[in-house]
Amino acid sequence: MENKNYNTVQKQKILEMLKANSHHHLNADEMLFILNAKQLNVSRATLYRYLDVLVQTGEVRKYIFAEGEKACYQYIEDKNHCSSHFHLMCTECGKLIHLDCGKVAELINHIEEEHNFMVDPGRVVIYGICSDCKKEINNA
């Protein structure tokens, strides 16, 4: 039988890193860079194995934005909360913003009633530029 408790220190450090970056989506290369910068020796295989577990348990959400691009991951603090709203993704800095707005509920109801299509709000991502990046662009 496989021991599920191997690399517990590495798993703890991976989870801490994800929590510390919970407002951003990160791909595996970025995660390994962050971990290595802190001199934490985590293999790519260990990282992917643990990410798969975290995705299955709902602690981490996996995003694939376009075919051929690397998957990105984000720690989800409140699993139930994150499934009830849309997300805004800044294409400049990678920030992921939770969109809790009554207008979203109206849009979901419209889509479900008028188009007979059931929406999974937690998987909806709208791409654009966040206010911080917009300020930087305007000031450049």
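Contact here means heavy atoms within 4.5 Å. The legends below describe a predicted model.

**View 1. Helix α1 meets helix α2.** Lys13, Ile14, Met17 and Leu18 of α1 touch Met31, Ile34 and Leu35 of α2. By class, the residues of this contact are six nonpolar, no polar and one charged. The two helices pack at about 110°, and their axes lie 11 Å apart. Angles of 65 to 115 degrees count as roughly perpendicular, so α1 and α2 are roughly perpendicular to each other. α1 passes α2 in a right-handed crossing.

**View 2. Helix α1 packs on helix α3.** α1 covers residues 8–20 and α3 covers residues 44–57. Their angle is about 65°, with the axes 11 Å apart. α1 is therefore roughly perpendicular to α3. The crossing of α1 and α3 is right-handed. α1 contributes Gln10, Lys11, Ile14, Leu15 and Leu18 to the contact. α3 answers with Thr46, Leu47, Tyr50, Leu51 and Leu54. What is the make-up of the contact of α1 with α3: how many residues are nonpolar, polar and charged? The split is seven nonpolar, two polar and one charged.

**View 3. Helix α2 crosses helix α3.** The axes of α2 and α3 come within 11 Å and cross at roughly 115°. This crossing is right-handed. On the α2 side, the contact is made by Ala28, Asp29, Met31 and Leu32. On the α3 side, the contact residues are Arg44, Leu47, Tyr48 and Leu51. Sorted by class, the contact of α2 with α3 holds six nonpolar, no polar and two charged residues.

**View 4. An open sheet holds β1, β3 and β2.** Three strands line up in the order β1-β3-β2, with antiparallel pairing. β1 (26–27) and β2 (60–63) are the edge strands, each pairing on one side only. Strand β3 spans residues 72–75 and runs antiparallel to β1. Two bridges join β1 to β3. Which residue of β3 stands opposite leucine 26? Tyrosine 73 of β3 does.

**View 5. A second open sheet holds β5, β4 and β6.** Strands of a sheet pair through backbone hydrogen bonds, either parallel or antiparallel. Here, three strands follow the order β5-β4-β6, and the pairing is mixed. The edges are β5 (96–99) and β6 (125–128), each of which pairs on one side only. On average, neighbouring strands of this sheet are turned by 25° against each other, direction ignored.

**View 6. Strands β4 and β5 pair within the β5-β4-β6 sheet.** β4 spans residues 86–90. β4 and β5 pair in the antiparallel sense. How many bridges does this pairing run over? Four bridges link β4 and β5. Phenylalanine 86 has leucine 99 in β5 as its bridge partner.

**View 7. Confidence varies along the predicted chain, with its extremes in two helices.** The mean pLDDT of the protein is 84. A value of 70 or more is reached by 88% of its residues. Where is confidence lowest, and where is it highest? Helix α4 (residues 79–82) is lowest, at a mean of 56. Helix α2 (residues 28–37) is highest, at 94. That helix is the partner of α1 in View 1 and of α3 in View 3.

Conventions
Residues numbered from 1 in each chain as written. Predicted model: local features only at pLDDT ≥ 70, side-chain atom pairs only at ≥ 80, totals over all residues. Heavy atoms only, no water. Pairing = 2+ DSSP bridges. Axes fitted to C-alpha atoms, helices over the stretch in contact; angles between N-to-C directions. Parallel < 35°, antiparallel > 145°, perpendicular 65-115°, else oblique. Left-handed = near helix turned anticlockwise from the far one by under 90°. Nonpolar A, V, L, I, M, F, W, Y, C, P; charged D, E, K, R; others polar. pLDDT = per-residue confidence, 0-100.
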